[in-house]
Amino acid sequence: GMNFGGCLTLLLAKGVVGKGTKLCQALGAQVLFILIAAPIWLTFLHTLRSSWTFYDAGAVFQLQPSLFLGLFDDIFYRQVNKYEENFDPSTNFLILGAVLWFCLSRRESDNRRLFWGVGITCLCALAVAFGVVPPSFLIRLPFVGNIHHVDNAFSCIAIVCLLVIAGFGIQTFWTGCRAPDFKRTYQRVLVCLAVLLAVYLGTTEAAQRSTRTFLKIGEHIPKSNFFWGYSVLLVIALAAAPLIGRLVISNKRVRIWQISFLTLLFVLLHWRHGMHLLTPFDSYVMNPQDRTKLTADFSSTLALLHNRLPEPFRAVGFGDNLFPGY
């Protein structure tokens, strides 16, 4: 995905001298990389032909397009899964705001031309992850049909692209926050955010009368109390961030309350993606775990085997490295 995006960016870039030469150099580097890695991937392919895994039975897991908001915060994915489990990666709402600002702003810049390579790559990845590309087509593709979790794999490609696009969006906001069309762009962002929220809430509350129904008639997906409180704070923070950011950038004299408020909004948009020791919401945040002691002589299992060598036992592995598995 990244090679595809880089190739498109080079081809579509404006004012680049010697595109053909640069493209040949990039392709040559890729060939060298393939040759250097040949012992690894040739062994892998040889083993793959004589082995069997669960993934040999092709399958495709994709996301509903209406869950697009979950790509920017997994709280929107969690509500549709039992025990609010999560299986797909997410960025954060600051990335959503920056991407919307870039896409909805009409200001012309050199980045528009540079954007297309990354943008097309991102759209292709999103089309696969969110079910626009039918599974009947994906399952016929070599390797892709055996991934199963294409929702997860292609979301990762999209997220890398979205981070780059968000950088364009922040630059567009920074250079255009004093422009007369700021208010119009801000209104477009709010409308687009409202539409995404409405589609999400509507599709997770409604049931269709069909033989294949996502929800049974009369049922709805219950939302946790944490979801309502957290999502409301997210939307408020995202809506307020452009206004406060504009004040900070536009004013020649920056005041302490503006910086404090902008810092608070930044924390609200990011705090759940950090590491937290102990919170009332541990099931929604990331907690640091005990790390493996790399300097330990033996594990408890190996120590038991070494201390009871005269007794018969069975172990699989090489030396003191037991075979990993379930």
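**Exercise 1. The pocket**

Which helices each supply at least two residues of the lining of the largest pocket? Work it out on this model, which is a predicted one.

*Solution.* Start with the space itself: the largest pocket has a volume of about 470 Å³. Next, go to its centre. There are 20 lining residues, and Leu94, Ile170, Phe173, Ala241 and Leu262 are the ones closest to the centre. Now sort the lining by element. Four helices each give at least two residues: α5 (93-104), α8 (150-176), α10 (225-250) and α11 (256-270). Of these, α10 takes the largest share, with 6 residues. Finally, check the chemistry: the lining has 16 nonpolar and 4 polar residues, and no charged ones.

**Exercise 2. The cavity**

Find the cavity of 30 Å³ or more and say which residues line it.

*Solution.* First, the count: the structure holds 1 cavity of 30 Å³ or more. The largest cavity has a volume of about 40 Å³. Its lining is made up of Trp101, Ser105, Arg107, Thr172, Gly176, Asp181, Phe182 and Thr185. Then map those onto the fold: α8 and α9 (182-205) are the elements that give two or more residues to this lining. By class you should get 2 nonpolar, 4 polar and 2 charged residues.

**Exercise 3. Two helices in contact**

Describe how α2 packs against α3.

*Solution.* Begin with the geometry, since two packed helices are described by the angle between their axes and the distance between the axes. Helix α2 spans residues 19-36 and helix α3 residues 38-49; they pack at about 65 degrees, with axes 5 Å apart. Now pick out who touches whom: α2 contributes Ile34, Leu35 and Ile36, while α3 contributes Ala38, Pro39 and Trp41. Sort these by class and you end up with 6 nonpolar residues, no polar ones and no charged ones.

**Exercise 4. An aromatic pair**

Classify the pair Phe226 and Phe281, and explain what it ties together.

*Solution.* Take the distance, then the angle. The ring centres of Phe226 and Phe281 are 4.9 Å apart and the planes make 45 degrees, so with stacked pairs under 30 degrees and edge-to-face pairs over 60, this one is tilted. Then locate the partners: Phe226 sits in helix α10 and Phe281 in the loop between α11 and α12, so the pair ties together parts that are 55 residues apart in sequence. For context, the count of aromatic pairs comes to 19.

**Exercise 5. An asparagine in a loop**

Where is Asn287, and what does its side chain reach?

*Solution.* Place it first: Asn287 is in the loop between α11 and α12 (300-307). From there, the Asn287 side chain reaches the backbone oxygen of His276 at 2.6 Å. To fill in the surroundings, leave aside neighbours within four places in sequence; Asn287 is then in contact with Met275, His276, Leu277 and Asp282.

How values were computed. Residues are numbered from 1 along each chain as its sequence is written. This is a predicted model: local features need pLDDT of at least 70, side-chain atom pairs count only at pLDDT 80 or more; totals for chains, interfaces and linings use all residues. Side-chain values use heavy atoms; hydrogens and water are left out. Axes are lines fitted to C-alpha atoms, for helices over the stretch in contact, and angles run from 0 to 180 degrees between N-to-C directions. Contact means heavy atoms within 4.5 Å. Ala, Val, Leu, Ile, Met, Phe, Trp, Tyr, Cys and Pro count as nonpolar, Asp, Glu, Lys and Arg as charged, and the others, Gly among them, as polar. On a 1 Å grid over the protein atoms alone, a cavity is a set of points where a 1.4 Å probe fits but cannot get out, and a pocket is an open set with protein on both sides within 12 Å along at least five of seven lines; lining residues have an atom within 4 Å of a point. Grid points are joined across faces, edges and corners, and a volume is the space filled by probe spheres set on the points. A polar contact is a pair of N or O atoms within 3.5 Å; within protein, one must be able to donate a hydrogen and the other to accept it, and residues adjacent in sequence count only if both atoms are side-chain atoms. Rings of Phe, Tyr and Trp (its six-membered ring) pair if their centres lie within 6.5 Å; planes under 30 degrees apart count as stacked, over 60 as edge-to-face and the rest as tilted.
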